Amino acid sequence: MNDKVRLTTTAKAAGCAAKLSPSILDSILKRLPAQQDSNLIVGFETSDDAAVYRLTDDLAIVQTVDFFTPIVDDPALFGQVAATNALSDVYAMGGRPISALTIVAFPASGAPEILEDILRGGLAKMTEANCTVVGGHSIRDDELKFGYAVTGVIHPNKIWKNIGARPGDQLIFTKALGTGVISTALKQELAAEAWISAATASMTRLNRDASDALHEIETETKNSPIHAVTDVTGFGLLGHAREMAIGSCVSMKIDHKRIDYLSGAIEAAQGKFFSGGMKNNREFIESCVHFDENVSDEFRALFYDPQTSGGLLVAIAPDFADAAIAALKHRNVSARLIGEAVHKRSPLIEIV
């Protein structure tokens with residue numbers, strides 16, 4: 001590997017599309033024994049975004065780990081995307097990131113300058129988040145991988161989980177869809193520069209502003225109107241919506257016309273720039289999803305599209321939805337009301 005090599009060509013799958021199939025993970029995790037620890041507030045049982053462990057009555061830590069293969073060609077930008085994506089899980093739980101450990105897999109023949117640029121890019125984004133990089137671990141690997149294990153802090157009684165949505169809740173999504181199909185087009189050198197710029201800007205935008213806006217709404221009320229939050233990454237919008245719906249014992253109705261799509265996302269979906277991750281997501285989720293006949297194939301694909309450093313999906317009490325949208329837009333967050341939670345029924349998720 002040298003500075004002439006396009007990073008995306010060195011990996012079989014890009015970014016969060018490189019995740020294991022959700023069906024494999026789901027079947028394995030269900031067979032693992034339950035852990036008995038009264039201080040473990042959130043573990044892996046509900047497939048939440050991060051773990052939460054109580055230290056005292058007023059303090060808990062949020063822990064997450066995220067690393068993946070290159071999704072952009074520029075090393076520094078790859079580092080930024082990886083850092084933004086790793087930090088997102090802490091924001092999705094309502095926490096504040098404080099420290100991070102670096103994870104690096106790098107070819108023995110790789111140019112040191114590339115690794116330095118990746119590390120510099122990641123460090124810049126961690127610095128922006130006021131999160132201190134305290135160390136890390138590296139191994140030799142023919143396929144480049146990079147990411148972080150991030151620790152945050154949170155009050156044990158103020159955790160946002162991916163379960164807890166109630167019938168009537170409005171669904172808010174805070175970023176545009178389409179990073180997966182655009183990154184696949186980039187890998188094949190068929191993505192327009194405008195597509196790449198839009199996807200990169202989205203993937204390097206911290207979810208901190210979205211989290212801060214939600215905290216603002218939360219502090220204005222005695223009982224939090226924010227009932228469930230998750231960040232949308234490798235399992236796509238439908239995969240993460242499914243986890244929220246099942247864990248909350250609700251169903252969801254989503255309007256595909258209300259969703260924001262990245263510049264080039266629809267065209268990339270029409271061009272069938274589909275990753276293996278999208279195929280895995282579709283096979284795992286499609287049995288519990290119904291698409292209205294007016295939803296065309298490209299939009300159906302985008303619902304399964306693996307997202308890297310995607311937005312927050314929020315279930316919020318209906319009386320507070322407009323205020324939340326206003327608070328998010330005040331921070332220049334691209335937030336949309338995309339649907340609602342309804343009483344549990346079949347299909348689990350309906351797309352109109």
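Gln-170 is buried in this predicted model, because its relative accessible area of 17% falls under the 20% limit for burial. The residue belongs to strand E7. Beyond residues up to four places away in sequence, Gln-170 touches Val-314, Ala-315, Ile-316, Pro-318, Ala-321, Leu-337, Gly-339 and Glu-340.

Strand E7, which spans residues 170-173, also holds Ile-172. Ile-172 has 0% relative accessibility and therefore counts as buried. Once its neighbours within four places in sequence are set aside, the contacts of Ile-172 include Leu-312, Leu-313, Val-314 and Ile-316. Further contacts of Ile-172 are made with Ala-321, Ala-324, Ile-325 and Leu-328, and also with Ala-335, Arg-336 and Leu-337. One of these partners, Leu-313, lies 141 residues from Ile-172 along the chain, yet the C-alpha atoms of the two are separated by 5.7 Å. Val-314, Ile-316, Ala-321 and Leu-337 appear among the contacts of Gln-170 and likewise among those of Ile-172.

Some of the residues touched by strand E7 lead to another part of the fold. Leu-337, Gly-339 and Glu-340, which are in contact with Gln-170, fall within strand E12, residues 336-343. Strand E12 pairs with strand E9 in the antiparallel sense over 5 bridges. Within this pairing, Gly-339 of E12 is the bridge partner of Ile-254. Gly-339 is thus named both as a contact of Gln-170 and as the bridge partner of Ile-254.

Strand E9 comprises residues 250-254 and is mostly covered, with 4 of its 5 residues buried. Besides its pairing with E12, strand E9 is joined by 3 bridges to strand E13, residues 349-351, and these two strands run parallel. Here Met-252 stands opposite Ile-349 of E13. Strand E9 therefore has an antiparallel partner in E12 and a parallel partner in E13.

These strands can be placed in the setting of the whole chain. The protein chain contains 11 helices and 13 strands. Of its 352 residues, 54% count as buried. Among contacts with a separation of 6 or more, 86% are between residues 24 or more positions apart. A compact globule of 352 residues would have a radius of gyration near 20 Å, so the 19 Å found for this chain agrees with that expectation. The C-alpha atoms fill a box of roughly 55 × 50 × 45 Å along the principal axes.

At the surface, the protein chain exposes about 15,200 Å², of which carbon and sulfur atoms supply 51%. The chain carries 33 positive and 43 negative side chains, and the centres of the two sets lie 2 Å apart.

Key: Residues are numbered from 1 along each chain as its sequence is written. This is a predicted model: local features need pLDDT of at least 70, side-chain atom pairs count only at pLDDT 80 or more; totals for chains, interfaces and linings use all residues. Side-chain values use heavy atoms; hydrogens and water are left out. The radius of gyration is taken over C-alpha atoms; the globule rule is 2.2 Å times the number of residues to the power 0.38. Buried means under 20% relative accessible area, exposed over 50%, partly exposed in between (1.4 Å probe, protein chains only). Contact means heavy atoms within 4.5 Å. Accessible areas come from the Shrake-Rupley method with a 1.4 Å probe; for residues, only the protein chains shown count as cover. Lys and Arg count as positive and Asp and Glu as negative; His and the chain ends are not counted. The place of a charge is taken as NZ of Lys, CZ of Arg, CG of Asp or CD of Glu.
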